[in-house]
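User: I would like a close look at a single part of this protein, together with whatever surrounds it. Please take your time and keep the answer connected.

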Amino acid sequence: MDTKAFKRALNNSERYHRKGFGHQEDVTLTLNAEYQSPLIQEIRNNHYQLKRGQVTIKLAESFGFCWGVERAVAMAYETRQHFPQEQIWITNEIIHNPSVNQRLREMNVSFIAVNDGHKDFSVVGEGDVVILPAFGASVSEMQLLNDRGCTIVDTTCPWVSKVWNSVEKHKKRNYTSIIHGKYNHEETIATSSFADTYLVVLNLDQANTVADYILNGGNKDEFLAQFKNAHSQGFDPDRDLDCIGIANQTTMLKSETEQIGKLFEHTMLKKYGPTALNDHFMSFNTICDATQERQDAMFDLVKEELTLMVVIGGYNSSNTTHLQEIATERQIPSYHIDSAHRIDPPNNRVEHKPLGKDLELQENWLPEGEIVVGVTSGASTPDKVVEEAIEKIFEVKAIAAKANASVSV
């Protein structure tokens with residue numbers, strides 16, 4: 001399929017919208033009221049630090065809602081305001097934040113159900129309004145909705161669209177797109193749909209496996225088994241790794257994306273030599289600025305003397321998980337929570353998700369005495385959610401201090 005021509009035709013359709021509907025002022029007031037936080041602003045104004053009782057909060061200097069996320073949420077709110085009576089659907093979560101998605105449900109925006117791993121579009125009727133989320137939608141989904149006569153509101157982050165443009169360039173030269181990402185993540189599914197031939201690598205270890213195959217060959221069946229579900233139909237590593245282009249899921253760890261790009265550049269240089277490198281390798285900078293800024297701020301924060309780290313964001317949020325990874329690698333006790341409801345102040349307990357594990361309940365998670373708590377949040381997390389978590393942390397220590405005072409008396 002000529003995906004570029006399809007997108008061009010879609011852009012010219014009166015039923016396709018990539019901008020708001022003229023309600024920005026009203027929506028901005030609503031979003032500020034629902035998601036902004038005076039406490040967070042106070043902490044920002046105080047050099048990203050606040051002390052209350054025995055707790056010192058140190059906030060990352062870049063965290064929370066990014067521009068692309070804020071834009072997507074604003075467009076969803078505008079869509080509801082502009083189409084007050086129409087049936088509105090979203091093809092997936094608008095962003096990976098439970099409170100924001102719940103708010104849209106309260107606004108009578110429906111989410112496409114997933115049955116046995118497949119989205120059920122049978123519920124979508126002609127004339128319905130369908131919102132594409134910040135991570136985008138696959139070409140086949142867009143084509144289905146367009147053929148069904150839906151009004152499409154596309155909130156895809158421009159940084160994601162930038163990656164799609166890179167993949168289109170790979171395809172134009174018959175290059176295989178090697179995508180650093182999670183093969184079952186919505187963004188990577190959308191990105192790979194723009195490629196003719198692709199291979200998704202999760203991390204540097206998998207990239208090294210591919211690089212070794214490029215240089216030394218190997219057992220094709222074993223290779224394909226290792227990358228099951230992570231490559232295009234009919235992918236042949238003996239044929240499809242001669243010319244490669246690098247792309248990425250925008251929320252992956254910046255440093256690893258850069259390492260993977262360099263690895264494949266050196267691999268193709270070694271195999272084909274410097275004069276032929278450009279005939280076998282393509283790479284563009286598609287690392288999202290917001291993801292990079294939040295990761296850089298996290299690297300700065302973990303240099304501080306921290307008692308523990310709290311990372312706030314959806315459990316299915318890739319960029320939040322990578323922030324947690326930075327703290328974990330430095331052996332800082334860290335707690336990934338999706339909302340303040342996970343913190344139980346009277347009992348000094350927290351329900352959290354350790355890296356790569358299921359939810360766990362941690363007793364006595366805040367130690368006695370003076371503590372310094374690092375706090376950050378993923379790009380899909382509103383300031384209000386961060387404020388609520390910080391207030392719960394203060395509450396845990398306030399209850400403990402009151403109990404200790406009673407015992408002393």
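Which residues on the other side of helix 6 are exposed?

Analyst: This is a predicted model, and what follows should be read with that in mind. On the other side of helix 6, the exposed residues are Ser 140 and Asp 147. To see what that side is opposite to, it helps to turn to the covered part of the helix, which spans residues 139-147. Its buried residues are Val 139, Glu 141, Met 142, Leu 145 and Asn 146. Seen down the axis of helix 6, these buried residues fall within an arc of 160 degrees, so they line one face of the helix.

The next matter is what covers this face. The buried residues of helix 6 pack against helix 1 (3-11) and also against three strands, namely strand 7 (118-119), strand 8 (129-132) and strand 9 (151-154). After the helix comes Gly 149, which has a positive phi, near 80 degrees.

Two of the strands just named, strand 8 and strand 9, also appear in an open sheet of five strands, whose order is 1-9-8-4-5 and whose pairing is parallel. Strand 1 (16-17) and strand 5 (109-111) stand at the edges of this sheet with a single partner strand each, so one side of each is left without a neighbour in the sheet. Further in, strand 4 (residues 88-90) pairs with strand 8 in the parallel sense over three bridges, and Ile 90 stands opposite Ile 131 of strand 8.

For another element described in similar detail, one can turn to strand 3, which covers residues 55-59 and is mostly covered, with five of its five residues buried. Both of its faces are covered: Val 55, Ile 57 and Leu 59 are buried on one side, while Thr 56 and Lys 58 are buried on the other. In a regular strand, the side chains alternate between the two faces of the sheet.

Strand 3 pairs with strand 2 (residues 49-52) in the antiparallel sense over four bridges, and with strand 19 (residues 371-377) in the parallel sense over five bridges. Lys 58 takes part in both pairings, being the bridge partner of Gln 49 and having Gly 374 as its bridge partner in strand 19. Strand 2 and strand 3 form a hairpin with two residues between them, and Gly 53 in the turn has a positive phi of about 60 degrees.

To return to the part you asked about, helix 6 has Ser 140 and Asp 147 exposed on the other side, whereas its buried residues pack against helix 1 and strands 7, 8 and 9.

How values were computed. Residues are numbered from 1 along each chain as its sequence is written. This is a predicted model: local features need pLDDT of at least 70, side-chain atom pairs count only at pLDDT 80 or more; totals for chains, interfaces and linings use all residues. Side-chain values use heavy atoms; hydrogens and water are left out. Buried means under 20% relative accessible area, exposed over 50%, partly exposed in between (1.4 Å probe, protein chains only). Two strands pair if DSSP finds at least two bridges between them. The arc is that of the directions from the helix axis to the C-beta atoms. Contact means heavy atoms within 4.5 Å.
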